[in-house]
Amino acid sequence: MSAVEVPPTPVAVEQPKASAASGTKSFLSGGFGGMCLVAAGHPLDLLKVRMQTSTEYKSTLDCFRKTLAENGIRGMYRGMAAPLVGATPVFAICFWGYGMGQKIMRKAYNLSPTEALSTKQILFAGGFSAIPTTALMTPMERIKCTLQVSSGNGAGAAYKGPIDAAMGIIRSGGITNLFKGTCATLLRDVPGSVAYFGAYELIKKSLTNQSAGQGSISPVAIVTAGGLAGMANWAVAIPPDVLKSRLQTAPDGKYTGVRQVFIEMMRTEGAGALFRGMGPALLRAFPANAACFLGVEMSLQFMNKVW
């Protein structure tokens, strides 16, 4: 019996089976969830990146006002094409990686597909999901951040779109330039994913008094758990995300790596700079990740009915 009574019809969440079909469903549902996340959260993500890479903004509201005045409503979606195109494979691989992490734990502890995982095992699976995701996430984030800080005000070259930005990045430093910030991305996403999936499963269980895959779950419970999981993710990941954004948007050759970014930031701006952009990141996290997990669970339900 659910501990939270809600009027909407519950969404059936089925335990993935140890089969190629269930892996494919996780892949496809994760991709759809990623598209929902980008559509819901991009404007606030843009504000986050701008605040992280510039000292001209006094607050999130100030950044919003100046961005809106400079570029209009369309400017709030600057750079969205790259993460939207990239969200499908990135989140597909992320949720597939989460499933693989769970399988590793089940095999290591001789658990059946229907046995509930412990908290430590869920946290491991969450952290593992970040490893295969990084190969796709890094170049997408590089293009997105470059576009978001690029405008006609002199803050970098003004690119026409993600393809133009990618070509410009490659021209300036070769194909490896697209992967600038890989270590910083791992530094952000491994602990962030531990918090992300761990918080989702634990909050969902506390709201429904059910372990993952048991019974049916209300859309309100999914939205609540997903939104809070996103906030938990960014509460952990924002400092390394600041370092990543600085590294990926800096002129070529300015930094040798994330360590130099950290040292210079501590010397010139202090520890508070590591939390720049926390406001828009947390504001974005709830609706974006609520949309993501709702998209994942609903698409998985649909596939389970027809496949």
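At what angle do helix 7 and helix 9 pack, and how far apart are their axes? Keep that question in mind while you orient yourself, and remember throughout that the model on your screen is predicted.

**The whole chain**

Begin with the full protein chain in a cartoon view, where you can trace 9 helices and 2 strands. Followed along the sequence, these elements come in the order β-α-α-α-α-α-α-β-α-α-α. The chain has 307 residues, of which 49% count as buried. If you consider the contacts between residues at least 6 apart in sequence, 78% of them join residues at least 24 apart.

**Helix 7 against helix 9**

Now select residues 219–249, which form helix 7, together with residues 278–306, which form helix 9. The opening question can be answered here: the two helices pack at an angle of about 140°, and their axes lie 7 Å apart. Because of that angle, helix 7 is described as oblique to helix 9. The crossing of helix 7 past helix 9 is right-handed.

While helix 7 is still highlighted, select L228, which belongs to this helix. L228 is partly exposed, its relative accessible area being 35%. Leaving aside residues up to four places away in sequence, L228 touches I203 and F286. Should you wish to check the first of these partners, the C-alpha atoms of L228 and I203 are separated by 8.0 Å, although the two residues stand 25 residues apart along the chain.

**D241, further along helix 7**

Next, select D241, which also lies in helix 7. Is D241 buried or exposed? With a relative accessibility of 0%, D241 counts as buried, since the cut-off for that class is under 20%. Show the side chains around D241 and you will find that, beyond residues up to four places away in sequence, D241 touches K48, Q52, R188 and W234. With Q52 the contact is polar and runs from side chain to side chain, at 3.1 Å. R188 deserves a separate look, for R188 and D241 are 53 residues apart along the chain while their C-alpha atoms are separated by 5.9 Å.

**The loop after helix 1**

Move to S54, which you will find in the loop between helix 1 (20–53) and helix 2 (60–75). S54 has a relative accessibility of 19% and therefore counts as buried, although this value should be read beside the cut-off of under 20% that defines the class. What lies 3.2 Å from a polar atom of the side chain of S54? Display the backbone of E56 and you will see that its nitrogen is the atom in question.

**Helix 3, helix 4 and the loop between them**

Select helix 3 (81–108) and helix 4 (residues 119–149) as a pair. The axes of these two helices come within 7 Å and cross at roughly 160°, which means that helix 3 is roughly antiparallel to helix 4. Helix 3 passes helix 4 in a right-handed crossing.

In the loop that joins helix 3 to helix 4, pick out N110. N110 is not a glycine, yet its phi is positive, at about 55°. Most residues other than glycine have a negative phi. N110 counts as exposed, with a relative accessibility of 70%.

Then go to T146, within helix 4. T146 is buried, with a relative accessible area of 12%. A polar atom of the T146 side chain lies 2.7 Å from the backbone oxygen of R142. Again not counting residues up to four places away in sequence, T146 touches Y159, I169, Q248 and T249.

**The loop after helix 7**

Continue to P251, in the loop between helix 7 and helix 8 (258–268). Its relative accessible area of 54% makes P251 exposed, the class being set at over 50%. Add S172 to the selection: P251 and S172 are 79 residues apart in sequence, and their C-alpha atoms are 9.6 Å apart in space.

**Two cysteines to finish**

Finally, select C63 and C145. C63 counts as buried at 0% relative accessibility, and C145 is likewise buried, with a relative accessible area of 0%. How many disulfides does the structure hold? The count is 0.

Note on methods:
Residues numbered from 1 in each chain as written. Predicted model: local features only at pLDDT ≥ 70, side-chain atom pairs only at ≥ 80, totals over all residues. Heavy atoms only, no water. Disulfide = S-S within 2.5 Å. Buried < 20%, exposed > 50% of the residue type's maximum accessible area, 1.4 Å probe, protein only. Helix = DSSP H or I, 4+ residues; strand = E, 2+ residues; numbered from the N terminus. Contact = heavy atoms within 4.5 Å. Polar contact = N/O pair within 3.5 Å; in protein donor to acceptor, adjacent residues only side chain to side chain. Axes fitted to C-alpha atoms, helices over the stretch in contact; angles between N-to-C directions. Parallel < 35°, antiparallel > 145°, perpendicular 65-115°, else oblique. Left-handed = near helix turned anticlockwise from the far one by under 90°.
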